[in-house]
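Got your viewer open? Load the model shown here and keep the selection tool handy, and we'll walk through it one stop at a time.

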Amino acid sequence: MAYNGADHLNAIERKLIDVLTTGTYDTTSGPEQAWATNQITVYGQFPTTTETNYPCIIVEMTANGIEEQFMGQNLTFGAGATAAKGELYGVGFNIHILIDNKSSIEIGPGGSTEFYKGRRLLNYIMLNCANILMDCNFSSTTTEVTERHYTGFRDMGYNPELEIWASLCSMVVVFKNNR
């Protein structure tokens with residue numbers, strides 16, 4: 001017998017990939033697009049060396065079942081009156097940014113445009129990636145996200161042998177898992 005439950009882990013991962021691909025997040029003056037869809041390639045796993053397009057963001061699911069908190073039986077989730085058993089369940093991600101020496105993106109702050117590359121491009125993508133991750137709205141999914149923990153970027157640097165700038169952040173998304 002097939003289970004007809006929600007696919008929360010894949011829904012969360014897909015949503016993160018989608019919002020990072022579009023580069024869009026909300027501001028007090030409306031939506032902001034940090035980059036066009038074709039400017040940064042977003043991968044759901046590490047690509048092969050020959051398949052990698054730079055600059056890129058890699059969304060790597062690293063753990064699930066973390067932050068698990070049993071909530072009891074016969075409880076009600078969301079706005080409906082559906083009773084269920086369940087728990088809060090967490091899924092962890094590492095988000096990698098990789099930029100090669102040839103990468104550049106045309107950025108237009110204040111109406112003027114210029115090309116960002118190298119460390120300047122890395123800084124720009126890190127800040128906007130954080131904005132996008134923290135603003136991600138899961139309302140279009142069947143997953144009820146209760147909290148998210150973002151650790152910020154670390155391990156930033158340049159590898160002269162590979163000629164690649166890179167950085168890494170981690171994020172945990174906690175959701176209600178009814179069964």
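What follows is a tour in short stops, each with something to select and a note on what is there.

**Stop 1: the whole chain**

Before clicking on anything, bear in mind that this is a predicted model. Colour the chain by confidence: the mean pLDDT is 86, and 84% of the residues reach 70 or more. Where is confidence lowest, and where is it highest? Select strand β4, residues 56-76, for the low end, with a mean of 75, then strand β3, residues 41-43, for the high end, at 97.

Now switch to a cartoon view. You should find 2 helices and 9 strands. Follow the chain along its sequence and the order reads α-β-β-β-β-β-β-β-α-β-β.

Try a surface next. About 10000 Å² of the chain is exposed, and carbon and sulfur atoms supply 48% of that area. Of the 179 residues, 42% are buried. Among contacts with a separation of 6 or more, 62% are between residues that sit 24 or more positions apart.

**Stop 2: helix α1**

Select residues 8-22, which make up helix α1, and show the side chains of Arg 14 and Asp 18. These two side chains meet in a salt bridge, with 3.1 Å from N to O. Why are they about one helical turn apart? Because Arg 14 and Asp 18 are 4 residues apart in α1. Both ends of this bridge are partly exposed: Arg 14 has a relative accessibility of 44%, and Asp 18 has 37%.

**Stop 3: the β1-β2 hairpin**

Move on to strand β1 (residues 24-27) and strand β2 (residues 30-33), which pair in the antiparallel sense over 4 bridges. The hairpin that joins β1 to β2 has 2 residues in between. Click on Thr 27 and look across: its bridge partner in β2 is Gly 30.

**Stop 4: a cis peptide bond**

Select Tyr 54 and Pro 55. The peptide bond joining these two is cis, with omega at about -10°. Pro 55 belongs to the loop between β3 and β4. Step one residue along to Cys 56, which counts as buried because its relative accessibility is 0%.

**Stop 5: a cysteine pair that isn't bonded**

Show Cys 129 and Cys 169 as sticks. Why is there no bond here? The two sulfurs are 5.4 Å apart, which is too far, whereas a disulfide needs them within 2.5 Å. For Cys 129, the sulfur of Cys 169 is the closest cysteine sulfur there is. Cys 129 is also buried, with a relative accessible area of 0%. Searching the whole structure turns up 0 disulfides.

**Stop 6: the β8-β9 hairpin**

Select residues 145-159 for strand β8 and 164-178 for strand β9. The two run antiparallel and pair over 10 bridges. For one spot to look at across the pair, find Glu 147, which stands opposite Val 174 in β9.

The hairpin formed by β8 and β9 has 4 residues between the strands. Click on Glu 163 in that loop: its phi is positive, about 55°, although it is not a glycine. Is Glu 163 buried or partly exposed? It counts as partly exposed, because its relative accessibility is 43%.

Now go back into strand β8 and pick Asp 155. This residue also isn't a glycine, and it has a positive phi of about 55°. Asp 155 is exposed, with a relative accessible area of 59%.

**Stop 7: the other salt bridges**

How many salt bridges are there? The count comes to 3. One of them is the Arg 14 and Asp 18 pair you saw in α1. For another, select Arg 120 and Glu 114, whose side chains meet at 2.8 Å, N to O. Arg 120 is partly exposed at 41% relative accessibility, and so is Glu 114, at 34%.

Finish with Lys 176 and Glu 144, which form a salt bridge at 3.4 Å, N to O. This pair links distant parts of the chain: Lys 176 sits in strand β9, Glu 144 is in the loop between α2 and β8, and they are 32 residues apart. Glu 144 is partly exposed, with a relative accessible area of 32%.

Technical notes:
Residues numbered from 1 in each chain as written. Predicted model: local features only at pLDDT ≥ 70, side-chain atom pairs only at ≥ 80, totals over all residues. Heavy atoms only, no water. pLDDT = per-residue confidence, 0-100. Buried < 20%, exposed > 50% of the residue type's maximum accessible area, 1.4 Å probe, protein only. Pairing = 2+ DSSP bridges. Contact = heavy atoms within 4.5 Å. Areas by Shrake-Rupley, 256 points an atom, 1.4 Å probe, with all protein chains shown as cover. Salt bridge = Lys/Arg side-chain N within 4 Å of Asp/Glu carboxyl O.
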